[in-house]
Amino acid sequence: MIDLIWTWFKKAVPEPTDKNRAVQYGCHLEEVQEMIDTINDGDLSTSIDSDWYKKYADTLPVSDPIEFLDSLCDQIVTAVGVAYMMGYDI
């Protein structure tokens, strides 16, 4: 699947510019925010750090499982896009 996404980006943006990189990075952050918004209705009263998991050790209160899954799928695409735009070998 990653190869297909990579190929699409390569055809769509053969020579990425700084603007392409910035836009793709922004798209990825938007998808991460959509995922966060589904967790406890976006109420993250503690910062997200290495201890964040302790707050949700027993259960992750996802308000909308479909939106959560959608954001995860979109993050796969946007993460591959960020890697491509940055010239990384994902």
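Which hand does the crossing of α1 and α3 have, left-handed or right-handed? I opened the predicted model to find out. I noted the crossing as right-handed.

**Entry: helix pair.** Two packed helices are described by the angle between their axes and the distance between the axes. I looked up both for this pair. The axes of α1 and α3 come within 9 Å and cross at roughly 55°. That angle falls neither under 35 degrees nor within 65 to 115, so α1 is oblique to α3.

**Entry: contact residues.** I listed who meets whom. From α1 come I2, I5, W6, F9 and K10. They meet I76, V77, V80, G81, A83, Y84 and M85 of α3. I then sorted the residues of this contact by type: ten are nonpolar, one is polar and one is charged.

**Entry: core.** I went on to the largest nonpolar core. It has six residues: I5, F9, V13, V80, Y84 and M85. Helices α1 (2-12) and α3 (65-86) each supply at least two of them. Helix α3 gives the largest share, three residues.

**Entry: I5.** I picked this core member for a closer look. Leaving aside residues up to four places away in sequence, I5 touches I76, V77 and V80.

**Entry: D74.** Last, I checked a residue of α3, D74. Is D74 buried, exposed or partly exposed? Its relative accessibility is 25%, so I logged D74 as partly exposed. I also took a C-alpha distance from D74 to M35 and got 9.9 Å. The two residues are 39 apart along the chain.

Conventions
Residues are numbered from 1 along each chain as its sequence is written. This is a predicted model: local features need pLDDT of at least 70, side-chain atom pairs count only at pLDDT 80 or more; totals for chains, interfaces and linings use all residues. Side-chain values use heavy atoms; hydrogens and water are left out. A nonpolar core is a set of buried Ala, Val, Leu, Ile, Met, Phe, Trp, Tyr and Cys residues joined through side-chain atoms within 4.5 Å. Buried means under 20% relative accessible area, exposed over 50%, partly exposed in between (1.4 Å probe, protein chains only). Helices (H or I, at least four residues) and strands (E, at least two) are DSSP runs, numbered from the N terminus. Contact means heavy atoms within 4.5 Å. Axes are lines fitted to C-alpha atoms, for helices over the stretch in contact, and angles run from 0 to 180 degrees between N-to-C directions. Angles under 35 degrees count as roughly parallel, over 145 as roughly antiparallel, 65 to 115 as roughly perpendicular and the rest as oblique. A crossing is left-handed if the near helix is turned anticlockwise from the far one by less than a right angle, and right-handed if clockwise. Ala, Val, Leu, Ile, Met, Phe, Trp, Tyr, Cys and Pro count as nonpolar, Asp, Glu, Lys and Arg as charged, and the others, Gly among them, as polar.
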